[in-house]
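Subject: Structure handover

Hello,

Here is the structure I promised to pass on. Please open it and keep it beside this email as you read.

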Amino acid sequence: MSEFLGVAFSPYVGPANQLWNSYSQQDIVRMLEIIEPYFNKISTYSMGYDGYPPTTLWNQVNSNCHIVGAAAQLNQLRGKIAFEVSQGIYQKTNQQQQIDMALQQAEIDAAFAAASLANTSYPNTVTSFVFTNEYVSDDDKVNAVTQMIVTNKEKAHNFGIKVGVRSNTFGEIANTNSTYYNELKGLIQNCDFIQCNLYPPSHSVTPQDGVNAVGQAFYQIKTAVSDVNPQCEVMIGETGWPSEGVSFNNTDNNVVNLLAYYEAIDKWAFENQVITYFFEAFDEPWKSNKLQFSAEGHYGLWYLNDQGDHQQKV
């Protein structure tokens with residue numbers, strides 16, 4: 001297990017028609033026990049307010065709300081940090097993709113409540129908050145996320161929690177002609193870290209070619225970020241290779257290539273000492289049913305087999 005490689009985690013591993021709120025904390029503990037020998041860092045995406053009014057109690061929404069509690073429970077059982085959690089705070093938007101402030105505040109408040117409870121149960125379970133995922137794609141959206149960071153940074157620091165953003169657009173910080181370059185600078189100046197979603201470019205021939213290209217893109221971003229805010233840690237928030245289906249980058253998708261990419265990015269993360277989150281722990285079949293790219297549900301290192309067991313891809 002590399003000290004630098006973590007894994008993206010969501011509990012929605014069952015059939016596409018399984019309810020989003022049907023995974024209990026104990027279900028999630030069992031999933032974490034499966035990945036525990038391989039990873040000690042997980043990165044999540046949401047506190048679970050999709051489809052719920054903002055007045056709903058934070059622990060009565062979708063099952064993402066139970067992840068940090070499950071991690072703290074496992075840490076307490078082990079008497080050590082088995083998992084540290086980078087807690088996702090998803091963007092809550094209206095039909096115009098503008099932030100719904102009431103829902104967004106509920107999501108943020110939920111993250112603080114869950115982290116406080118988890119870290120009381122076992123200190124340092126939750127180490128960071130990730131404000132939004134792949135949302136900062138124009139100047140208005142960047143400014144909205146910057147305001148979230150500025151508003152909540154001091155409170156998070158008082159909890160011992162760092163703040164940052166996950167996005168696939170941080171390459172724009174290396175492009176001074178970008179239409180939202182200055183806005184990205186302002187965001188990065190206020191972040192403790194950023195998580196860059198970096199995947200192999202289109203038609204990467206081999207997994208090693210993909211890792212080489214991801215590494216090159218990473219260092220281009222890291223150099224630009226260092227010029228803006230040397231204290232901002234640059235991580236890879238997502239990278240992976242699916243085991244089947246048609247992917248957005250048209251790679252050759254099979255289990256052999258997924259595992260080869262996993263091993264190669266693990267080696268790269270260790271050699272370069274870059275916190276990297278592999279996408280992802282478990283297949284999420286619902287994604288393949290809803291998106292045009294049939295590979296989306298098959299990035300996991302494990303999948304739920306027909307007998308209802310979590311089976312590792314080999």
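Below is what was found, part by part.

One caution before the details: this is a predicted model.

**The strands around S5**

Start with strand S5, residues 162-167. Is this strand enclosed or open? Five of its six residues are buried, so S5 is largely enclosed by the rest of the structure.

Look at its partners next. Strand S4 (residues 126-133) runs parallel to S5, and four bridges join the two. To find the pairing on screen, look for Ser 128, which stands opposite Lys 162 in S5. Helix H4, residues 139-158, belongs with these strands: S4, H4 and S5 form a right-handed β-α-β unit.

S5 also pairs with strand S6 (residues 193-197), again in the parallel sense and over four bridges. Here Ser 167 faces Cys 196 in S6. The chain gets from S5 to S6 by way of helix H5 (residues 181-189), and this β-α-β crossover is right-handed.

**Helix H3**

H3 covers residues 101-121. Does its length agree or disagree with what a helix of that many residues should span? At 1.5 Å a residue, its 21 residues should span 30 Å, and the end C-alpha atoms are 30 Å apart, so the two agree.

At the start of H3, look at Asp 100. One of its side-chain oxygens comes to within 3.2 Å of the backbone nitrogen of Ala 102.

Many residues of H3 can be picked out as buried, among them Leu 103, Ile 108, Phe 112 and Ala 115. Polar residues appear in that list too, including Gln 104, Glu 107 and Asn 119. What do the buried residues of H3 pack against? They pack against helix H2 (67-78), strand S3 (84-89), S4 and H4.

**The nonpolar cores**

A general point helps here. In soluble globular proteins, nonpolar side chains tend to be buried together.

In this model, the largest nonpolar core has 92 residues. Which of them touch the most other members? They are Phe 9, Leu 32, Ile 35, Phe 129, Leu 187 and Ile 194. H3 gives the most to this core, with nine residues.

Take Phe 9 as a case to explore. Leave aside its neighbours within four places in sequence. Its contacts then include Ile 28, Met 31, Leu 32 and Ile 35. Others among them come from far along the chain numbering, such as Ala 281 and Phe 282.

There is also a second, separate core of five residues. Tyr 45, Tyr 199, Phe 279 and Tyr 299 are among its members.

**Helix H7**

H7 runs over residues 255-272. The same check works here: at 1.5 Å a residue, its 18 residues should span 26 Å, and its end C-alpha atoms are 26 Å apart, so the span agrees.

Asn 254 caps the N-terminal end of H7, with a side-chain oxygen 3.2 Å from the backbone nitrogen of Val 256. Just after the helix, Gln 273 takes a positive phi of about 55°.

The buried residues of H7 include Leu 258, Tyr 261, Ile 265 and Trp 268. An α-helix has 3.6 residues a turn, so residues three or four places apart point the same way. The buried residues of H7 pack against strand S1 (5-8), helix H6 (207-228), strand S7 (233-239) and strand S8 (276-278).

**Spots in the loops**

Now some single residues.

- Phe 279 and Glu 280 are joined by a cis peptide bond, with omega about 5°. Glu 280 sits in the loop between S8 and helix H8 (285-290).
- Glu 134 is not a glycine, yet it has a positive phi of about 50°. It lies in the loop between S4 and H4. At 36% relative accessibility, it counts as partly exposed.
- His 203 is not a glycine either, and its phi is positive at about 65°. Its place is the loop between S6 and H6. Is His 203 buried or exposed? Its relative accessibility is 55%, so it counts as exposed.
- Thr 56 is in the loop between strand S2 (41-43) and H2. At 17% relative accessibility, it counts as buried.
- Gly 308 is in the loop between strands S9 (302-304) and S10 (310-312). Gly 308 and Gly 14 are 294 residues apart in sequence, but their C-alpha atoms are 8.5 Å apart in space.

Best wishes

Definitions and conventions:
Residues are numbered from 1 along each chain as its sequence is written. This is a predicted model: local features need pLDDT of at least 70, side-chain atom pairs count only at pLDDT 80 or more; totals for chains, interfaces and linings use all residues. Side-chain values use heavy atoms; hydrogens and water are left out. Buried means under 20% relative accessible area, exposed over 50%, partly exposed in between (1.4 Å probe, protein chains only). Two strands pair if DSSP finds at least two bridges between them. A crossover is right-handed if, with the strands pointing away from the viewer, the path from the first strand over the helix to the second runs clockwise. The expected span of a helix is 1.5 Å times one less than its number of residues. Contact means heavy atoms within 4.5 Å. A polar contact is a pair of N or O atoms within 3.5 Å; within protein, one must be able to donate a hydrogen and the other to accept it, and residues adjacent in sequence count only if both atoms are side-chain atoms. A nonpolar core is a set of buried Ala, Val, Leu, Ile, Met, Phe, Trp, Tyr and Cys residues joined through side-chain atoms within 4.5 Å.
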